[in-house]
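Reader: I am new to this structure and would love a close look at one part of it. Could you pick a pair of strands, walk me through it, and then show me what lies around it?

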Amino acid sequence: MKALVFERSVPRFAAARVASEWRSGSGARVGPLRLTDVEEPALPGTGWQRVRPRLAGICGSDLATVDGRASRYFEPIVSFPFVPGHEVVGDLDNGERVVLEPVLRCAARGIQPPCASCAAGDTNRCRNVAYGHLEPGLQTGYCADTGGGWGLALVAHDSQLHPVPDDLADEAAVMVEPAACAVHGALSAQVPKAGAVVVIGAGTLGLCTIAALAYFRPEIESITAVAKHPEQRRLARQLGASTVVGPDELRRAVRRQTGSGLLAGGQLTGGAAVVFDCVGTAASISDALAVIEPGGTVVLLGLPGAVHLDLTGLWQREIRLEGAYAYGTERISGRPKRTFELAFQLVRDCKLEELVTATYPLDRYREAIDHAANAGRRGAVKVAFDLRKEKRR
Amino acid sequence: MPRPGFVLDVDRSTPPTLFWRGEGFRLEALPVGSRVIYPPEPLDPLRDPDDAIREALLNPEGDVGPLPDLLTPGMRLTIAFDDISLPLPPMEQPDNRQRVVEAVLDLAAAAGVDDVVLIAALALHRRMTERELRHALGNRVYEAFAPHGRLLQHDAENPDELVYLGQTDRGEDVEINRRAAESDLLVYVNINLVAMDGGHKSVATGLASYRSLRHHHNVRTMQRSRSFMDQEHSELHSSNWRMGRLIAASGVKVFQIETTLNTDTFPPAFSFLQHREWEWTVRDRAAFLAMSKSLDRTPERMARSIFQSIKAPHRMASVHAGEVEAVHRLTTQQIHRQQLVEVEGQADVVTFGLPYICPYNVNSIMNPILVMCLGLGYFFNLYRGKPLVRPGGVVIMTHPTPWAFHPVHHPSYIDFFEEVLADTTDPVEIEKTHEERFATDEWYRHLYRTSHAYHGVHPFYMWYWGAHALEHLGGVIIAGGDPRAVRRMGFKPASTLRDALEMAEDVVGRDPTITHFHCPPMMICDVR
């Protein structure tokens, strides 16, 4: 079958890293990713299904991988070669449409009893992503045994599959996985009623986080979004941001909103109660630490990698820095709900399919990745591979 | 004998006209048939300004005695003086304020007055630095007062230093500096650069609080001041006069000393800037060429520093002292004698070459809001009778208009530009929706009081300054400006003056009448 395969190749990995310094997405031209014919992945056992992807999104973490910028942290929890793609809507062999929940937790790995995290429903925190009958891989799309969304077929465990209602378009369904990440992040931190909230970044994750905050936490009075590009600004407002500013305007905007002072070092005396960083760069985390109030919480949704930071403020102002990875079980009004269930609701009611702005066939993967890597300035948000018309399906 | 102002009709033999562009200038060929308005030449200065000051103090105008008669041992004497916003450019030392303050202090010392305090009348402007105070008052005065805490800067946000005097018959609150109001005599030392300055505005504005200022620093007042450079038709002045009379009726005894300057604006190296182009000498041409070529290669920051270091050679042209209104009548006559130019009829398009300085960026950056204020506030309003541009006409300004702000002097300007103008550029809407929040912002208050920042509400006032023009005009174009910054203000950017003139035709029609306002030096057009 046709698939984009990411192989372990140190020289190509280095080339991708160098090329991406020049232009984001250039790793697709010189790096370890290539379009090739591979065997369809075998079903690992009972309870597994073959999924033929219809749409597969290109995520920020995929781009970091393609551009050789992913942290070495991932090395023991991925297995090569792998077919990337974890934002997937596809068809089962019986014709049923499904969305993939890609985390390869204990249930998928055949591990019994499940780890404490999986037992509690917090499958994103699974402690066994390197073990079990599958090769290591924290998610489908990073595991040599399962295939991924950027190929014509992948295999998925029943526990990973969510049926798609007939009236939900593929473009909406492919947004469920990124929306679930945003829902999990948005619900992870306590926000005091009168507290200000900031969302840094207005790519897919940032916009979905804004939507999730506005939708699930209507008690929040103001959401300040940081967006670089005009289309991002428009969408941020549409999805619920009360104020939208550019990155260099953030500190002054939060100062005004919270009645704080702005010290010579650029940090505020007060600030926002919670900041959601959906970018994950040193600059964005520094901004987050500068505009958070003492005792406030910074939630990292964006994949940070290795960054150089001055954490003095974190220490002096007793700031909590929390990660929010993937999805599991949320508690809404004290009742547990699977994050994916909430994400379906969010995608449908907020019409997040509007965020899918471009699709490409696998053959044009270099263009697709370049588009995704430069989505903001090109007026795009989510770029996806469209496999519905691929031959040999 | 200095020549009066002049209106030149551009013909084929007319040399190109000098247009200011911030920290630089350019020669532009105006279409045949355009007019260029030149200011009058500088009047002869007073031969002995110190003698003229003494004369004025001993023979005051109006119903008030000579200054020595008002000075008694044991009295509380306060001398307030205009701040860094005057004059423009800052003048060579000795500054008018130094000369006048020294003369007043000599008389006070002779009368045995010990309790003397000097106050810089900042209103909501930034606090002056030590260097600026020394320049305005001279080292001798500074050394005698500052170390002893007797050289103060008005703090419009310190409730303990303000006193509420009541309301005018129009319901305007009058709240001014407590020390000034509770002194036995308040001497106000002014420099009148333009017709708007001085009179009751000196105390009623310079020493007032936001609570008081908001009654005339607002959109309605500005739109009803036609223009605020013409006292007889200025609601800004009417309000200040009502307040000034209430201040007098409250028992505050004001002895007003007003000085004017001639328009000798630039030092010899820059003298071509105030010559008429067809009269440029070889030396003028060489200076222009050398300067414009080198400025093209000079980094922005260095160019700003060069221009901000210019000290003007303008000299004291008049001094009058005594009762406020009597003094100000004479001052206004003198200003008109120096600056008035008769102009026949309005134009479809008026062009302004905006220089590097306005009252609010001395030793600072001319940010986009100040560009707007200088062009549509000051230059547009330098008229008597009717505006130089017809209703629905177009103003073209030439200025680089960088998206740049002085972070210490103009912190609330940055927020105003980023937040308020991104929302709306309508002065009425801005005033209604945003003013109070900025005016009461604790951080701006803190910076105004303790740093060198303009008050949080100040950018609003700058925007209101242009409200009359915005209501009057059909379009505003900035040639050579940063397009992003120009668009943020709701104006149209043009690359060149020629492009701007073509764009203006979309608003006013083909073959418009064009007038260039060749300022500085300062002038007022008496438009018939």
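Author: Happily! Let's begin with S13(B) and strand S20 (residues 524-527) of chain B, which pair in the parallel sense over four bridges. Please keep in mind that what you see is a predicted model. To find the pairing by eye, look for Leu340(B), which stands opposite Ile524(B) in S20(B).

These two strands belong to an open sheet of three strands in chain B, with the order S13-S20-S15 and parallel pairing. Strand S13 (340-343) and strand S15 (383-384) of chain B stand at the edges and have a single partner strand each, so one side of each is left without a neighbour in the sheet.

Chain B offers another sheet to set beside that one. This is an open sheet of six strands, ordered S7-S6-S5-S10-S11-S12, and its pairing is mixed. At its edges are strand S7 (151-153) and strand S12 (316-322) of chain B, each pairing on one side only. From one strand to the next, the twist averages 20°. If you would like to trace one pairing here too, take strand S6 (residues 115-121) of chain B and S7(B): they pair in the parallel sense over three bridges. Within this sheet, Ile119(B) stands opposite Leu152(B) in S7(B).

Now for the helices. Helix H15 (residues 411-423) of chain B packs against helix H18 (residues 458-465) of chain B at an angle of about 60°, and their axes are 8 Å apart. H15(B) and H18(B) are therefore oblique to each other. On the H15(B) side you will find Ser412(B), Tyr413(B) and Phe416(B), and these meet His458(B), Pro459(B) and Phe460(B) in H18(B). Sorted by character, the residues of this contact of H15(B) with H18(B) are four nonpolar and two polar, with no charged ones.

H15(B) is worth remembering when you turn to where the two chains meet. That contact takes seven residues from chain B and nine residues from chain A. On the side of chain B that touches chain A, H15 and helix H17 (442-450) of chain B each supply at least two residues. H15(B) gives the most to that side, with four residues. The residues of the side of chain B that touches chain A divide into two nonpolar, one polar and four charged.

Finally, let's step back to the chains as wholes. Chain B has 21 helices and 20 strands. Its radius of gyration is 22 Å, close to the 24 Å that the globule rule gives for 528 residues, so chain B is as compact as a globular protein of that length. Along its principal axes, the C-alpha trace of chain B spans about 70 × 55 × 45 Å. Of the 528 residues in chain B, 57% count as buried. Among the contacts in chain B with a separation of 6 or more, 80% are between residues 24 or more positions apart.

Chain A has 14 helices and 17 strands. For its 393 residues, a compact globule would have a radius of gyration near 21 Å, and the 20 Å of chain A agrees with that. The C-alpha atoms of chain A fill a box of roughly 60 × 50 × 35 Å along the principal axes. Buried residues make up 52% of the 393 residues in chain A.

Conventions
Residues numbered from 1 in each chain as written. Chains lettered and ligands numbered in written order. Predicted model: local features only at pLDDT ≥ 70, side-chain atom pairs only at ≥ 80, totals over all residues. Axes fitted to C-alpha atoms, helices over the stretch in contact; angles between N-to-C directions. Parallel < 35°, antiparallel > 145°, perpendicular 65-115°, else oblique. Nonpolar A, V, L, I, M, F, W, Y, C, P; charged D, E, K, R; others polar. Pairing = 2+ DSSP bridges. Rg over C-alpha atoms; globule rule 2.2 N^0.38 Å. Buried ≥ 20, exposed ≤ 12 C-beta atoms within 10 Å, placed from the backbone.
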